[in-house]
Every structure is written in C-alpha cells, then in structure tokens.
Amino acid sequence: MKLGGIFELEKKLKEITEIEKTTTQPNFWEKPVEAQKTMKNLNLLKSQITDYQNVKNELTETSEIISILEMESDVTMHTDISKTLEKIEQEIIQMDLRLK
C-alpha cells in the first residue's frame, strides 16, 4: 500500500530539509516571532512524517501477519487482525483530518 502520495511525503521531507538549513543561519533568531513560527512548522512537519512512518510500519507488520496466517489457515487471529486494521484506518483518517 502506498500512502506517501496522499500525504505528500517527498514534499514534506524536502520542506524539512529547507527549513533546517534556514534554522542554521546565524541571523535566524534575529526575528524571534518568525523563528518561532518556523520552528513550529518544522515540528509539525516532523510529526506528520513520524505519524506516516508509524502507520506504514503497522501496515507492513499486519500484512506480514496476515500472510503467515493465510499459510497456516489460522482463523483464531482474524478478530485481532480486524481490530488492528480498524485502528490503522482510524489513524489514517486522523492524519488526513490534521492535514486539512
């Protein structure tokens, strides 16, 4: 599953890089209000990337578990997997809402 396009992952990573370059400039803190806004934006972007990576990892792990369960024909874990997938879906919805 590819979610990066929805959340503009590459764009956010480039923006983080640019902002980090800006924050290393000697005159960055000369305008404290602007600097604080920039840092707030940087932290928000980093948080969004972390959220994305967490969801991606959860999906990967869950997919691997599903593959194993299919090979073993183990139906006892279906409820747990369904709950996990519902949790991941809610996380994606929340991420999407925070981006709007």
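Which helix does H78 lie in? Select H78 and you'll find yourself in helix α4. Before going on, keep in mind that you're looking at a predicted model.

**Stop 1: H78**

Show the surface around H78. The residue counts as partly exposed, because its relative accessibility is 44%, which falls between the 20% and 50% cut-offs. Now add Q53 to the selection and draw a distance line between the two C-alpha atoms. H78 and Q53 are 25 residues apart in sequence, and the line should read 24 Å.

**Stop 2: T62**

Next, hop over to T62, which sits in helix α3. Here the relative accessibility is 5%, so T62 counts as buried. Select what T62 touches: leaving aside residues up to four places away in sequence, you should get I81, T84, L85 and I88. Try another distance line, this time from T62 to S82. Along the chain these two are 20 residues apart, and their C-alpha atoms are separated by 9.8 Å.

**Stop 3: E58**

Stay in helix α3 and pick E58. Is E58 buried or exposed? It counts as buried, because its relative accessibility is 18% and the cut-off for buried is under 20%. Light up its contacts and you'll see K87, I88 and E91, again not counting residues up to four places away in sequence. You've met I88 already, as one of the residues that T62 touches.

**Stop 4: the nonpolar core**

I88 turns up once more in the largest nonpolar core, so select the whole set: F7, L9, I16, I19, L42, L45, I49, Y52, V55, L59, I88 and M95, twelve residues in all. Colour them by helix if you like. The elements giving two or more residues to this core are α2, α3 and α4. Which one gives the largest share? That's α3, with six residues.

**Stop 5: the cavity**

Time to look for empty space. Rolling a probe the size of a water molecule over the atoms shows where such space is left. In this model the count comes to one cavity of 30 Å³ or more, and its volume is about 80 Å³. To see its walls, select F7, L9, K12, Q48, I49, D51, Y52, M95, R98 and L99. Three elements give two or more residues to this lining: α2 (9-23), α3 (32-72) and α4 (78-99). With four residues, α3 gives the most. Colour the lining by class and you should get six nonpolar residues, one polar and three charged.

**Stop 6: Q48**

Zoom in on one of those lining residues, Q48. Q48 lies in helix α3, and it counts as buried because its relative accessibility is 15%. Beyond residues up to four places away in sequence, Q48 touches K12 and L99. Both K12 and L99 are on the list of lining residues too.

**Stop 7: two rings**

Finish with the aromatic side chains. A pair of aromatic rings is described by the distance of the centres and the angle of the planes. How many aromatic pairs are there to find? The count comes to one, formed by F28 and W29. Turn the view until you can see both rings: they are arranged edge-to-face, 5.0 Å centre to centre, with 85° between the planes. Check the surface here as well. F28 counts as buried, because its relative accessibility is 9%.

Conventions
Residues are numbered from 1 along each chain as its sequence is written. This is a predicted model: local features need pLDDT of at least 70, side-chain atom pairs count only at pLDDT 80 or more; totals for chains, interfaces and linings use all residues. Side-chain values use heavy atoms; hydrogens and water are left out. On a 1 Å grid over the protein atoms alone, a cavity is a set of points where a 1.4 Å probe fits but cannot get out, and a pocket is an open set with protein on both sides within 12 Å along at least five of seven lines; lining residues have an atom within 4 Å of a point. Grid points are joined across faces, edges and corners, and a volume is the space filled by probe spheres set on the points. Ala, Val, Leu, Ile, Met, Phe, Trp, Tyr, Cys and Pro count as nonpolar, Asp, Glu, Lys and Arg as charged, and the others, Gly among them, as polar. Rings of Phe, Tyr and Trp (its six-membered ring) pair if their centres lie within 6.5 Å; planes under 30 degrees apart count as stacked, over 60 as edge-to-face and the rest as tilted. Buried means under 20% relative accessible area, exposed over 50%, partly exposed in between (1.4 Å probe, protein chains only). Contact means heavy atoms within 4.5 Å. A nonpolar core is a set of buried Ala, Val, Leu, Ile, Met, Phe, Trp, Tyr and Cys residues joined through side-chain atoms within 4.5 Å.
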